[in-house]
Amino acid sequence: MSPSLERAFEESWPAAEYIETGGLRTGRGLGGGMRVSSTRPTGSECHEDDIDRAVEIHQGWSQNPAFRVPEGHPLEEILKTRDWQPNTRTLILSAAVTELADRDIPPVTSFAIWPPLAIQKELWTEQGIGAARQEIMSRVELPKTSILGRIDDRAAGTAFVAAARDHAALHALEVIETQRRKGLAGWIVRNAAFWAQQQGCKTMFLAVTAQNRPAIALYKTLGFSEIAAYHYWQR
């Protein structure tokens, strides 16, 4: 993943605060999920003392220690020797904005709205994205919006998108179960791409767990391809 894309990834879904220890950066998530409550390498070098200090920081914040490590990074081998285990392989997918914004959105199907409506907050909460994760969206300092999706005359989906220079980050895309497999998620993504295009973005990216095969299939149909991957490491 390029440095500019990595920066966009972090800025578009930030922790409440960070502490750096050598070549590692630890985020305080405040209950917002592992991505913002993990330690990641900031360069190619890190030392075992840095790992110990990161664990102490996690414990001081009362969050379970976890490392978010790109595949192939030297930190993987260090963690292996210390009995840390990888889990939750996550893919970073990317697509050209122009390819996603290549057709008109059907009328009354999706809208860019900020701040999110109450119904969007309810939809996120119903799909497991509660108040702590929604608070992450509030503290993003980039240009941002939410996308409301409608189908069968009702609000049925929502997503969050932020623009970081050339890159647009898509997060928290959710469609209620009874309205899935009707094409709504695709229209939400395309609407996000139209908004991103207006912000001057060239690419759109997202993170998805490798186990979420239906979502990966959808994104690849839309033109996304894998550009990077990482694991969380825990004990």
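**The cavity**

Start with the lining of the largest cavity in this predicted model, which divides into 4 nonpolar, 3 polar and 5 charged residues. To display that lining, select Glu10, Trp13, Ala15, Tyr18, Arg25, Thr26, Gly27, Arg35, Val36, Ser38, Arg40 and Arg68. Strand 2, residues 24-28, gives the most to this lining, with 3 residues. The volume of the largest cavity is about 50 Å³. A search of the whole structure turns up 1 cavity of 30 Å³ or more.

**The largest pocket**

Next, select Leu173, Glu174, Val208, Asn212 and Tyr219. Among the 36 residues that line the largest pocket, these five lie nearest its centre. The pocket has a volume of about 1,100 Å³. To see which elements surround it, colour strand 5 (85-96), strand 9 (167-175), helix 7, strand 10 (203-209), helix 8 (213-222) and strand 11 (225-234); each of these gives two or more residues to the lining. Which strand gives the most to the lining of the largest pocket? It is strand 9, with 6 residues. By class, the lining of the largest pocket holds 18 nonpolar, 12 polar and 6 charged residues.

**Helix 7**

Stay with one of the elements just coloured and select residues 184-198, which make up helix 7. The helix has 15 residues, and its first and last C-alpha atoms are 21 Å apart, close to the 21 Å expected at 1.5 Å a residue. Is helix 7 mostly covered or mostly uncovered? It is mostly covered, with 11 of its 15 residues buried. To show the buried positions, pick Leu184, Ala185, Gly186, Ile188, Val189, Arg190, Asn191, Ala192, Ala193, Trp195 and Ala196. Arg190 and Asn191 are on that list of buried residues. Move along the chain to Gly200, just after helix 7, where phi is positive at about 90 degrees.

**Two cysteines**

Now select Cys201. This cysteine is buried, with a relative accessible area of 5%. Then select Cys46, which is also buried, at a relative accessible area of 10%. How many disulfides does the structure hold? The count is 0. A disulfide is a covalent bond between the sulfur atoms of two cysteines.

**The second largest pocket**

Select Met1, Glu6, Val69, Pro70 and Tyr230 for the next stop. These lie nearest the centre of the second largest pocket, which is lined by 16 residues. Helix 1 (3-11), strand 3 (39-41), strand 4 (67-70) and strand 11 are the elements that give two or more residues to that lining. The second largest pocket contains about 290 Å³ of space. Its lining is made up of 9 nonpolar, 2 polar and 5 charged residues.

**The aromatic cluster**

Keep Tyr230 selected and add Phe9, Phe205 and Tyr232; the four form one aromatic cluster. Aromatic pairs in the structure come to 7. One of them is formed by Phe9 and Phe205, a tilted pair at 6.1 Å centre to centre with 40 degrees between the planes. Phe9 lies in helix 1 and Phe205 in strand 10, so this pair ties together parts that are 196 residues apart in sequence. Are these two rings' residues buried or exposed? Phe9 is buried at a relative accessible area of 2%, and Phe205 is buried at 1%.

Turn next to Tyr230 and Tyr232, which pair edge-to-face, 5.5 Å centre to centre and 90 degrees between the planes. Tyr230 has a relative accessible area of 6% and is buried. Tyr232 is likewise buried, with a relative accessible area of 6%. Tyr230 links this stop to the previous one, as one of the residues nearest the centre of the second largest pocket.

**An exposed residue**

For the last stop, select Ala131, a residue of helix 6 (residues 131-139). Is Ala131 buried or exposed? Its relative accessible area is 64%, and because the cut-off for exposed is over 50%, Ala131 counts as exposed. To finish, draw a distance from the C-alpha of Ala131 to the C-alpha of Thr221. The two residues are 31 Å apart in space, and 90 residues apart in sequence.

How values were computed
Residues are numbered from 1 along each chain as its sequence is written. This is a predicted model: local features need pLDDT of at least 70, side-chain atom pairs count only at pLDDT 80 or more; totals for chains, interfaces and linings use all residues. Side-chain values use heavy atoms; hydrogens and water are left out. Helices (H or I, at least four residues) and strands (E, at least two) are DSSP runs, numbered from the N terminus. The expected span of a helix is 1.5 Å times one less than its number of residues. Buried means under 20% relative accessible area, exposed over 50%, partly exposed in between (1.4 Å probe, protein chains only). On a 1 Å grid over the protein atoms alone, a cavity is a set of points where a 1.4 Å probe fits but cannot get out, and a pocket is an open set with protein on both sides within 12 Å along at least five of seven lines; lining residues have an atom within 4 Å of a point. Grid points are joined across faces, edges and corners, and a volume is the space filled by probe spheres set on the points. Ala, Val, Leu, Ile, Met, Phe, Trp, Tyr, Cys and Pro count as nonpolar, Asp, Glu, Lys and Arg as charged, and the others, Gly among them, as polar. A disulfide is a pair of cysteine sulfur atoms within 2.5 Å. Rings of Phe, Tyr and Trp (its six-membered ring) pair if their centres lie within 6.5 Å; planes under 30 degrees apart count as stacked, over 60 as edge-to-face and the rest as tilted.
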